[in-house]
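Please look through the sequence and the structure before reading on. The points below are meant to be checked against them one at a time.

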Amino acid sequence: MSDLTGRAKELDAADELAAKRAEFVLDDVVYLDGNSLGALPANVPDRVADVVGRQWGALRIRSWEESGWWTAPERIGDRIAPLVGAAPGQIVVGDSTSVNVFKALVAAVRMAGEGRDEIVVDATTFPTDGYIAESAARMTGCRLRPVVPSEVASVLGDRTAAVLLNHVDYRTGRLHDLPALTAAVHAAGAYVVWDLCHSAGALPVGLDEHGVDLAVGCTYKYLNGGPGSPAYLYVRSDLQPRFDSPLPGWNSHAEPFGMRPEYEPAPGAPRGRVGTPDILSMLALEAALEVWDGVSVESVRAKSLALTDFFLECVERYVPEGAVESLTPVAHEERGSQVALRCQGADAVMKRLVERGVVGDYRAPDVLRFGFTPLYVGFADVERAARVLGELLS
Ligand SMILES: Cc1ncc(COP(=O)(O)O)c(C=O)c1O
């Protein structure tokens, strides 16, 4: 037994979150792709069966009221709120992240008002955010300024309307400084929209504490909501009366069943809704969120950093020198919950890793991505993943 195998055993034995693993459906595969699609929480299948069989099958239309379908978007938003540091009443669940980026960004530009005609966007962003920012800029008559996050502060000014940023970079795993960037955007008199896809459920976000204006995120990564589970939109409570949605639908109407021809927005978080919620996915997500009972995001963050530190150490030990280069920052304050390794032939290497029971993913052109979900990844998994990678690259 190598000393790293021994260390992994000790770390697993001391892990306070280890028991959570039993709440997921897992096998002997090392699953390091929870930053793309979280594993299945074990309580979800029975819940979905109940939603389909009883709520839909037996109660049918009555379930909109009696099974709480109508209020699910806000109720589940409040369930996500503590995970991202938000008080209740500010998050609504529904639609995809892409759609919520659109709502938030256009609403931010509308809040900024006359004379502010620039949208700043992270030039290294996940592509969908960039595409939507470009379209939102065209629609609102703004100029789009793509810049790398380290240069955002230097381009802000009295023409900046809105800034769209990622909390954690999807490719490198770099964690951006949300408090400092939010403060800089506010100092310029503009509004910030944060994309939390790669941070929510992996590390503390502190939306209220840092005065974030608007935020969006998906629920199928670290929140384990399932493939295509609905995203969420955060609108800070004092901004809600000014949130002018570019997608006003009957679900965000003050009186949805009044069937009135003129639009009057609902107060509060429901103002971010659009059309009929995707109930099956939404209630699967609600069940999935129960694994967070009794878990603090701080303990998840502590384990996440320990996992990524240990992985980097194992990679250094097992992988031949020069075969990979880590793109993920070493400093804890700059690291999310994934490790990205640049590697020649990364696509083929990942395929071989998967064949050997280690699942991460590949991002073009040459990146191996490994996501560490503290609720179900253990230190022995980490050691095995690095050892197999080392064997493949030797
Ligand atoms: C940072 C980021 N933003 C947006 C998206 C797209 O989200 P959706 O497919 O829910 O629109 C993703 C998807 O992985 C993402 O990683």
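1. What kinds of residue make up the shell around the ligand? In this predicted model, the shell divides into three nonpolar, six polar and three charged residues. Its members can be looked up by name: Ser 96, Thr 97, Ser 98, Phe 126, Thr 128, Asp 129, Asn 166, Asp 195, Cys 197, His 198, Tyr 220 and Lys 221.

2. Two helices deserve attention when you trace the chain around the ligand, since helix H5, which runs over 97–112, and helix H6, which runs over 127–140, each supply at least two residues of the shell.

3. Several side chains have polar atoms that can be paired with atoms of the ligand. In the side chain of Asp 195, an N or O atom is 2.7 Å from a nitrogen atom of the ligand. For His 198, a side-chain N or O atom is 2.9 Å from an oxygen atom of the ligand, and for Tyr 220 the distance from a side-chain N or O atom to a ligand oxygen atom is 3.1 Å. On its own the ligand has 400 Å² of accessible area, and the protein covers 84% of it.

4. Turning to the chain as a whole, it is divided into domain 1, made of 3–17 and 295–393, and domain 2, which spans 47–292. The C-alpha centres of these two domains lie 30 Å apart.

5. How many residues of each domain are in contact with the other? There are 25 in domain 1 and 19 in domain 2. Between them the two domains bury about 1,800 Å², of which 59% is on carbon and sulfur atoms.

How values were computed. Residues numbered from 1 in each chain as written. Predicted model: local features only at pLDDT ≥ 70, side-chain atom pairs only at ≥ 80, totals over all residues. Heavy atoms only, no water. Near = heavy atom within 4 Å. Polar contact = N/O pair within 3.5 Å; in protein donor to acceptor, adjacent residues only side chain to side chain. Areas by Shrake-Rupley, 256 points an atom, 1.4 Å probe, with all protein chains shown as cover. Helix = DSSP H or I, 4+ residues; strand = E, 2+ residues; numbered from the N terminus. Nonpolar A, V, L, I, M, F, W, Y, C, P; charged D, E, K, R; others polar. Domains from an automatic or database assignment. Contact = heavy atoms within 4.5 Å. Buried area = accessible area lost by both parts, 1.4 Å probe.
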